[in-house]
Each structure stands twice: as structure tokens, then as C-alpha cells.
Amino acid sequence: CKMVCEKPPECEDQKPTLPPAGDDEMVGSRGAAGFGSGKWSAGEWGKCSTACGTGTRSREVKCASGYDQDCPASQKPKTSESCSEHTGCQWAPGPWSKCSGLCSEGTQTRKVDCAGPVCSQEKPATEQKCVHDAKECHECGAIVYGGPNFDGWSLQFEPGKYSNSDMEIKGAKCDDI
């Protein structure tokens, strides 16, 4: 197929701005839409770039004619936007503190933070019961039933159960019992 172009009679002295099409080139039309009068087509939004916090998501936006220059650039929909996702936010528990009980039942605490703005799962415990069961708890101990003095001692003890470390704080040693 060949196309023959003629110059309009009133434009005899002007030269064409585009060279004529060669034998191996096709000349065609993009229809009657005209430059800048096409419609934009926007695809579905993709997933957020993060599973915990603020990220971005994108989509494909094309001119319906297949040529972006056929659609008004000022009306082109956004191809990306910020997004917020919280499904992947996890709790970050810290280490347990030392047991508050000395050779007895006590409590331990820990800090538990959300690794994002919102955590959807149940928050792990921040406090638990514990028993301080160290070696010194089993080495030696005394139970005082009577008055404040051990027989023959000048040390003062109230009635109760004392571990080795409790006794050492008061100045007594297991060897003294």
C-alpha cells in the first residue's frame, strides 16, 4: 500500500516538517479521539510495600488509546500512594527481670513493645510468678520459732524462715548453727 501526499496550493513555498514515509513504513491513524482528548485507565492497587507500618503501593495507569500523549497529563491518576499495614506487626518481649523472691516465691517483670504502630495479636505477659531457687537457697537455713535471739547469740532474729543469704546479711553463717 502506498500513500501519495500532495501539497496544498496555498502552501507551495513551505517544506513539509516530516519526511515522507519510506517503502517499508506504515502510515496510520489513531482514530478520531484527537490529541489530549483520551481517557485514562487505572488498574487495581498493588500490595503495600510493608507488612508493619507505613509504606507505598502502586498501580498501572494507561491511556485507553495506548498512547499517553492522547490523554490529558493534568488528569492522569496517581500511580503510587502511601499505605499503612499492620497485619505483620509483632510483639517484641524483652528479657525477664530477676525474681523478686529470695529463696521463695516472687515475681518477674519484662517490657513488651509492639514493633509497629499497632499489634493485632494478644500482648504477651509482662509479669509472672517465679521461685528464686539458687544454690545458696539449699545450702543452709534456719527457722526461728522462739524469741529474737538464738541461744547464746547476741544477734537479733525475729521468728521466721531464714536462708543462708538472709543469715549472712545479719552476720551469721551456716557454720554457726
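**Lys123, the Glu81 salt bridges and the disulfides**

Reader: Okay, where does Lys123 lie?

Author: This is a predicted model, by the way. Strand S7 covers 112–114 and strand S8 covers 127–131. Lys123 sits in the loop between strand S7 and strand S8.

Reader: Is Lys123 buried, partly exposed or exposed?

Author: The relative accessibility of Lys123 comes out at 44%. Buried needs under 20% and exposed needs over 50%, with partly exposed in between. So Lys123 counts as partly exposed.

Reader: Which residues does Lys123 touch, leaving out those up to four places away in sequence?

Author: Take heavy atoms within 4.5 Å as the test for contact. Leaving out residues up to four places away in sequence, Lys123 touches Trp91 and Val112.

Reader: And how far apart are the C-alpha atoms of Lys123 and Gln90?

Author: Along the chain, Lys123 and Gln90 are 33 residues apart. In space, their C-alpha atoms are separated by 9.3 Å.

Reader: On to Glu81. Which strand is that one in?

Author: Look at residues 80–85, which make up one strand. Glu81 has its place there, in strand S4.

Reader: What does Glu81 touch, again not counting residues up to four places away in sequence?

Author: With those sequence neighbours set aside, you get a short list for Glu81. The residues it touches are Trp45, Gly55, Thr56 and Arg57.

Reader: What is the distance between the closest N and O atoms of Glu81 and Arg57?

Author: Side chains of opposite charge can pair when their charged atoms come close. Glu81 forms a salt bridge with Arg57. The side chains of Glu81 and Arg57 are also joined by a polar contact of 2.4 Å. For the salt bridge, the closest N and O atoms are apart by 2.4 Å.

Reader: How many residues apart in sequence are the parts tied together by Glu81 and Arg57?

Author: Glu81 and Arg57 make a salt bridge. Glu81 lies in strand S4 and Arg57 in strand S2 (residues 53–58), so the pair ties together parts that are apart in sequence by 24 residues.

Reader: Lys78 and Arg57: which of the two counts as exposed?

Author: The cut-off for exposed is over 50% relative accessible area. Arg57 has 27% relative accessibility, so Arg57 counts as partly exposed. At 52%, the one that counts as exposed is Lys78.

Reader: Which residues are linked in a network of salt bridges?

Author: Glu81 forms a salt bridge with Arg57. The side chains of Glu81 and Lys78 meet in a salt bridge too, at 3.7 Å from N to O. The network links Arg57, Lys78 and Glu81.

Reader: What is the N to O distance in the salt bridge of Asp113 and Lys111?

Author: The structure holds five salt bridges, and one of them joins Asp113 and Lys111. Asp113 is partly exposed at 37%, while Lys111 counts as exposed at 60%. The cut-off for a salt bridge is 4 Å, and the N to O distance for Asp113 and Lys111 is 3.9 Å.

Reader: Now the sulfurs. Which loop holds Cys89, the partner of Cys52?

Author: There are five disulfides in the structure. In one of them, the sulfur atoms of Cys52 and Cys89 are 2.2 Å apart. The pair links distant parts of the chain, 37 residues apart, with Cys52 in the loop between strand S1 (40–42) and S2. Cys89 is in the loop between S4 and strand S5 (91–93).

Reader: Of Cys52 and Cys89, which counts as buried?

Author: Buried means under 20% relative accessible area. Cys52 has 25%, so Cys52 counts as partly exposed. At 0%, the one that counts as buried is Cys89.

Reader: Is the link of Cys63 and Cys71 left-handed or right-handed?

Author: Cys63 and Cys71 form a disulfide with their sulfur atoms 1.9 Å apart. Cys63 is buried at 4%, and Cys71 is buried at 5%. With 80° about the S-S bond, the link is right-handed.

Reader: Last one: which strand holds Cys130, the partner of Cys99?

Author: A disulfide joins Cys99 to Cys130, S to S 2.1 Å. That pair links distant parts of the chain, 31 residues apart, with Cys99 in the loop between S5 and strand S6 (105–109). Cys130 is in strand S8.

Technical notes:
Residues numbered from 1 in each chain as written. Predicted model: local features only at pLDDT ≥ 70, side-chain atom pairs only at ≥ 80, totals over all residues. Heavy atoms only, no water. Helix = DSSP H or I, 4+ residues; strand = E, 2+ residues; numbered from the N terminus. Polar contact = N/O pair within 3.5 Å; in protein donor to acceptor, adjacent residues only side chain to side chain. Buried < 20%, exposed > 50% of the residue type's maximum accessible area, 1.4 Å probe, protein only. Disulfide = S-S within 2.5 Å.
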